[in-house]
Amino acid sequence: MPEPLTLYLAAPRGFCAGVDRAIKIVEMALEKWGAPIYVRHEIVHNKFVVDSLRAQGAVFVEELEECPDDRPVIFSAHGVPKAVLAAAAAREMIYVDATCPLVSKVHIEAERHHQNGLQMVMIGHDGHPETIGTMGQLPEGEVLLVETIGDVASLTPRDPGKLAFITQTTLSVDDTADIVAALQARFPEIVGPHKEDICYATTNRQEAVKAMAPKIEAMFVIGAPNSSNSRRLVEVGAKAGCKYSQLVQRAADIDWRAIAGVRSVGVTAGASAPEVLINEVIDAFRERYDIEIERVVTAEENVEFKVPRVLREPLRATT
């Protein structure tokens with residue numbers, strides 16, 4: 001007889017509107033222009049999704065130089081520096097920008113502050129595509145990057161009285177609040193965003209984990225190792241009191257020995273993980289335990305972003 005186990009399922013979890021839109025953009029581009037379609041960087045950070053699109057004819061590359069001039073190219077949901085868009089335009093390429101609208105909002109904020117004479121401080125992860133894309137909206141030296149509270153102490157801005165800050169959209173809400181507090185303590189005149197930069201989906205998924213953590217002995221976050229928002233969910237679960245928190249890409253990655261004897265497990269997924277992988281994990285638990293599923297609902301999401309107009313227009317005949 002299988003042992004009983006309560007499986008708490010976080011809601012919201014999985015795909016957000018920006019990820020859903022980005023994937024749809026690649027699928028619609030393949031339908032409109034046929035294969036191959038080139039995609040600069042992983043469209044979203046999830047191997048299952050990328051492999052699925054690759055099987056349909058998408059070719060994933062790291063740099064624009066790897067793309068031919070005569071095939072469409074799509075820029076990932078994380079956003080790209082202005083120089084990349086300019087290079088595509090100079091080569092007269094067909095390109096579609098799949099940048100999440102909430103990341104674009106941060107780009108617009110940075111541009112506005114720059115026009116007002118303010119130097120930017122960006123709270124983000126060095127080397128992450130979103131950070132590279134956002135910092136690349138402004139000239140070299142106009143965006144200073146901080147990752148930790150310790151980084152704030154070593155900042156050397158051009159003018160301490162003329163600063164504004166922005167953040168990567170997929171950070172830990174609590175950790176970011178601590179860094180913001182440190183910035184405001186050192187630079188009292190620093191200007192913040194008009195509205196929170198960390199996106200609704202990141203915030204909602206973290207809140208669901210916080211609500212779930214006291215109920216569970218172990219938690220599994222479905223997501224990719226290079227997915228910032230997924231890794232933050234693991235950290236949030238641990239900080240909220242969950243004794244064991246593991247990031248897994250698929251059910252096959254679960255360390256069953258690590259949870260031997262537990263009677264309550266939480267499952268959630270990062271914003272780029274599809275529901276099919278969540279169901280796969282639930283099925284793996286069902287094979288080993290007599291499970292009872294309880295949903296932990298902290299928000300309802302009904303956000304939807306439109307795809308670019310170029311994909312909604314019919315293909316023009318060429319002569």
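How exposed is K210, going by relative accessible area? K210 comes out as partly exposed, at 24%. Keep in mind that everything here comes from a predicted model.

**Close-up A. K210 and D174 pair up across the chain.** Their salt bridge puts the closest N and O atoms 3.0 Å apart. K210 sits in helix 8 and D174 in helix 7 (residues 173-186), so this contact links parts of the chain 36 residues apart. D174 is partly exposed too, with 39% relative accessibility. Elsewhere, K47, D51 and R54 are joined into one network by salt bridges that share partners.

**Close-up B. R91 and D69 bridge two loops.** The side chains meet at 2.6 Å, N to O. R91 is in the loop between helix 3 (82-90) and strand 5 (95-97), and D69 in the one between strand 3 and strand 4 (73-75), so the salt bridge ties together parts 22 residues apart in sequence. R91 is partly exposed at 27%, and D69 is partly exposed at 45%.

**Close-up C. E109 and K105 meet within helix 4.** Here the N to O distance is 3.3 Å. The two are four residues apart, so about one helical turn separates them. E109 is buried at 5%, while K105 is partly exposed at 25%.

**Close-up D. V44 sits in the largest nonpolar core.** This core has 32 residues, and V44 is among those with the most contacts inside it, along with V26, I43, L53 and I74. Helix 1 gives the most, nine residues. Neighbours that V44 touches include V19, A22, I23 and S272.

**Close-up E. The largest pocket holds about 260 Å³**. Of its 19 lining residues, P12, R13, F15, R205 and E301 lie nearest the centre. The lining splits into eleven nonpolar, two polar and six charged residues.

How values were computed. Residues are numbered from 1 along each chain as its sequence is written. This is a predicted model: local features need pLDDT of at least 70, side-chain atom pairs count only at pLDDT 80 or more; totals for chains, interfaces and linings use all residues. Side-chain values use heavy atoms; hydrogens and water are left out. On a 1 Å grid over the protein atoms alone, a cavity is a set of points where a 1.4 Å probe fits but cannot get out, and a pocket is an open set with protein on both sides within 12 Å along at least five of seven lines; lining residues have an atom within 4 Å of a point. Grid points are joined across faces, edges and corners, and a volume is the space filled by probe spheres set on the points. Ala, Val, Leu, Ile, Met, Phe, Trp, Tyr, Cys and Pro count as nonpolar, Asp, Glu, Lys and Arg as charged, and the others, Gly among them, as polar. A nonpolar core is a set of buried Ala, Val, Leu, Ile, Met, Phe, Trp, Tyr and Cys residues joined through side-chain atoms within 4.5 Å. Buried means under 20% relative accessible area, exposed over 50%, partly exposed in between (1.4 Å probe, protein chains only). Contact means heavy atoms within 4.5 Å. A salt bridge is a side-chain nitrogen of Lys or Arg within 4 Å of a carboxyl oxygen of Asp or Glu. Lists of a residue's contacts leave out its neighbours within four places in sequence.
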